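Student: Could we go through this structure together, with a few questions that I can check against the picture?

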Amino acid sequence: MPRLGLASFRRRILFRGVFLLLATATIALALVLLKEEKERSYQNYRQNFGRTQAEVLARLRHPAGLLALLNPRVQDDVTPLRPLMLPYGALDFDDQNKAQQAVEMAGCSVRYPDDSSICVAIGNNPYAGGFIYLVGRFAAGELVPRERGALDLDTVHRAAVSLNIRGQTIKWVAPFEALSDPGAALARGRLTGFEDTGEPTLASGARPVRDFRGWLWQSGRCIDADATPPACPRRAFFSIRLPVEAFREALFAGPRPVWPPADLDTIRVHMQMFAPGSDKPLFDSNAAGAVPPPSLDDLRKALLPGETLTVRKAQDAKQAPLVLKGEEEAELTSPLIARLIRQLPVEGASLPPPAREIVTTPVGRYEVTLEGDARGIERGLSAVATRVSWYVAAMLAAIALAWLLIEVGLIRRIAVLTKRAAAVSYNVQDARADQRIGRIDLSDLRGSDELGILAGSLADLLQRVKDDVQREELRAQQERDMLQAVGHEILSPLQSLMVLHPQPGDAGHRYVQRMQQAVKVLYGQASPTEALQAAHLEVGTIDLDEFLHHVASNAHFAGIDNVRYERRGEPVIVRADEFSLEDVVTHVLRNADRHRHAGTAITMSLSMDAPGLATVTIHNQGAPIAEPLLERVFEYGVSGAGAGAEAPSTGQRGQGLFVARTYMNKMGGTIEACNEPGGVNLVLNLQLAP
């Protein structure tokens with residue numbers, strides 16, 4: 001194999017460089033897009049930061065937000081209920097619409113799965129009387145009122161309320177007393193409060209609690225639109241004011257009352273609404289599944305990941321501030337990508353300064369601070385980049401796979417083909433080209449694709465080159481054998497002449513010897529194949545019967561004795577060259593003479609079994625021709641001996657039968673050999689003359 005220069009690797013270097021550039025460009029594109037996305041994320045964050053601040057302040061300044069500010073403590077358990085401080089001084093509990101609107105705006109209601117609700121709250125003004133308000137709704141059938149003076153409460157709709165405050169429990173029972181006419185579109189009545197003694201009936205002479213006030217309204221429409229009143233459940237709305245003596249005492253205990261009360265979070269309120277004749281309440285404030293009212297903790301949803309909202313009371317620096325942080329998205333992030341995003345330099349990667357605002361409430365001023373965090377931006381970007389990184393990895397894997405397939409399936413095969421083609425060019429110039437080319441194998445590169453076809457073509461070309469080299473060697477050998485064939489053909493008639501001039505003293509004998517010597521000098525100097533192929537025969541017509549009789553009669557002059565032929569007695573005219581046909585028969589007779597058993601005759605027969613053909617059969621008794629040589633016996637260099645040796649040691653060159661077949665072909669005839677019991681037949685077929 002010759003050593004190849006750098007130029008032969010140029011295309012491969014270029015190809016690999018292109019794939020490397022493609023992979024580098026893919027990574028660079030991902031980094032550029034990541035950098036731009038980081039810049040865009042910071043810009044969007046600065047814009048969204050202002051919107052988040054405005055949204056948070058708007059929600060805090062809304063009555064629901066003020067309610068959350070005034071009640072910052074978030075309890076895990078919703079029930080039993082605790083009073084909340086409203087952003088209002090007091091509730092107009094006597095008016096259904098005003099009370100309902102105030103409760104809905106403040107968002108203080110606790111909601112239950114059956115769509116009932118209740119708000120337990122106090123006003124933010126201590127001088128409004130120090131009451132606890134219970135406002136809510138429930139579903140019930142047509143309300144059954146208590147008649148004035150009736151003592152049995154089991155037969156009417158009634159409310160049971162208990163208040164646990166500062167170690168004591170106060171209970172009220174409030175039956176419904178109708179104030180509207182029966183069948184009115186809106187039933188309206190009073191809830192008159194009595195001290196609850198645990199008995200189902202009121203004591204004789206029981207008087208209502210003076211400051212207990214309650215109202216109950218019921219809509220005339222059924223909750224289910226397909227049902228018809230009055231038996232169907234309908235929506236009922238209640239509004240109750242509970243008198244709290246402990247609050248009143250606190251108003252006058254000192255020069256300035258403390259409001260809200262410090263123990264407000266320890267107060268417990270429980271309310272139930274019963275139907276007539278039932279111990280199971282229609283509504284129970286301690287029912288399972290209660291949903292608490294909105295709190296400051298709900299503001300987390302408005303915060304972006306990483307943002308921090310701090311709420312502290314401006315007048316009380318000792319009070320621990322409430323700190324809320326934006327919810328982090330639990331997404332899969334790669335630490336390597338997160339580190340890469342942090343290292344990417346971008347312009348304008350600065351956060352807005354913390355935003356501070358003051359929110360004024362009836363009980364004081366609150367300082368609200370909103371701070372951003374770059375880590376939140378980078379974590380969000382890392383989560384997105386981690387998801388996109390799979391696509392980038394897939395693109396790089398596709399590039400690597402394409403390179404691997406082309407490298408293994410194409411480039412390496414091209415490299416091998418190039419080296420072997422260079423070896424062909426190098427070795428074909430060597431003196432041992434026939435040997436060195438033979439060692440170059442391209443069979444492993446053959447295939448149905450382009451390279452396989454190219455390798456196959458090159459392999460075929462190598463075979464042709466090798467054949468040409470061998471042919472040239474054979475041509476040189478054939479040129480040396482040409483004179484051998486000429487000498488061989490001349491020696492045959494010269495030997496006959498020697499029979500005619502056997503005496504050494506005969507002048508003709510001397511000249512025949514000189515001619516034989518001259519032929520022997522030339523022997524081996526020409527190719528018999530080319531000499532015989534170039535020979536020109538004068539094909540005419542002869543009487544084959546007469547010709548065979550003549551050959552058989554004169555065979556002893558050529559040194560072939562005991563040749564027999566039985567004449568047909570009629571002419572058989574065939575197309576042939578007389579002298580060439582005589583050479584053919586003579587060569588066949590010489591071959592038969594060499595291989596017949598001693599003392600046996602050589603017989604010739606003539607027949608016309610096939611239409612248009614005359615068949616001459618020459619038979620000798622002797623060893624049969626080996627089966628593999630029956631077809632090859634007429635090739636040059638193959639002996640017709642029974643052993644079938646191709647390089648006989650008896651001095652025979654295997655040329656006579658080759659000459660016989662060549663002449664027969666030129667005369668339009670054929671010759672073939674076949675084994676018969678006890679001998680061999682050589683069959684000559686000649687065309688009959690028209």
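Tutor: Before we begin, keep in mind that two strands count as paired if DSSP finds at least two bridges between them, and that this is a predicted model.

Student: Which residue in S21 stands opposite leucine 606?
Tutor: Strand S20 covers residues 602-607 and is joined by five bridges to strand S21, residues 613-621, the two running antiparallel. Across this pairing, the residue of S21 that stands opposite leucine 606 is valine 616.

Student: Why is one side of strand S18 and of strand S22 left without a neighbour in the sheet?
Tutor: The sheet is open and has five strands with mixed pairing, in the order S18-S20-S21-S23-S22. Strand S18 (563-565) and strand S22 (670-676) are therefore at its edges, and each has a single partner strand.

Student: Which helix packs on the sheet, and what angle does its direction make with that of S21?
Tutor: From one strand to the next, the twist of this sheet averages 20 degrees. The helix that touches S18, S20, S21, S22 and strand S23 (679-687) is H12, residues 578-595, and its direction makes with that of S21 an angle of about 25 degrees.

Student: Which helix gives the largest share of the largest nonpolar core?
Tutor: That core has 61 residues, and those with the most contacts inside it include Ile118, Phe238 and Met271. Leaving aside neighbours within four places in sequence, isoleucine 118 is in contact with Phe238 and Met271, among others. The largest share of the core, six residues, comes from residues 10-61, which form helix H1.

Student: How many residues does the second, separate core have?
Tutor: Among its members are Ile542, Leu544, Met667 and Leu686, and the number of residues in this core is 44.

How values were computed
Residues are numbered from 1 along each chain as its sequence is written. This is a predicted model: local features need pLDDT of at least 70, side-chain atom pairs count only at pLDDT 80 or more; totals for chains, interfaces and linings use all residues. Side-chain values use heavy atoms; hydrogens and water are left out. A nonpolar core is a set of buried Ala, Val, Leu, Ile, Met, Phe, Trp, Tyr and Cys residues joined through side-chain atoms within 4.5 Å. Buried means under 20% relative accessible area, exposed over 50%, partly exposed in between (1.4 Å probe, protein chains only). Helices (H or I, at least four residues) and strands (E, at least two) are DSSP runs, numbered from the N terminus. Contact means heavy atoms within 4.5 Å. Axes are lines fitted to C-alpha atoms, for helices over the stretch in contact, and angles run from 0 to 180 degrees between N-to-C directions.
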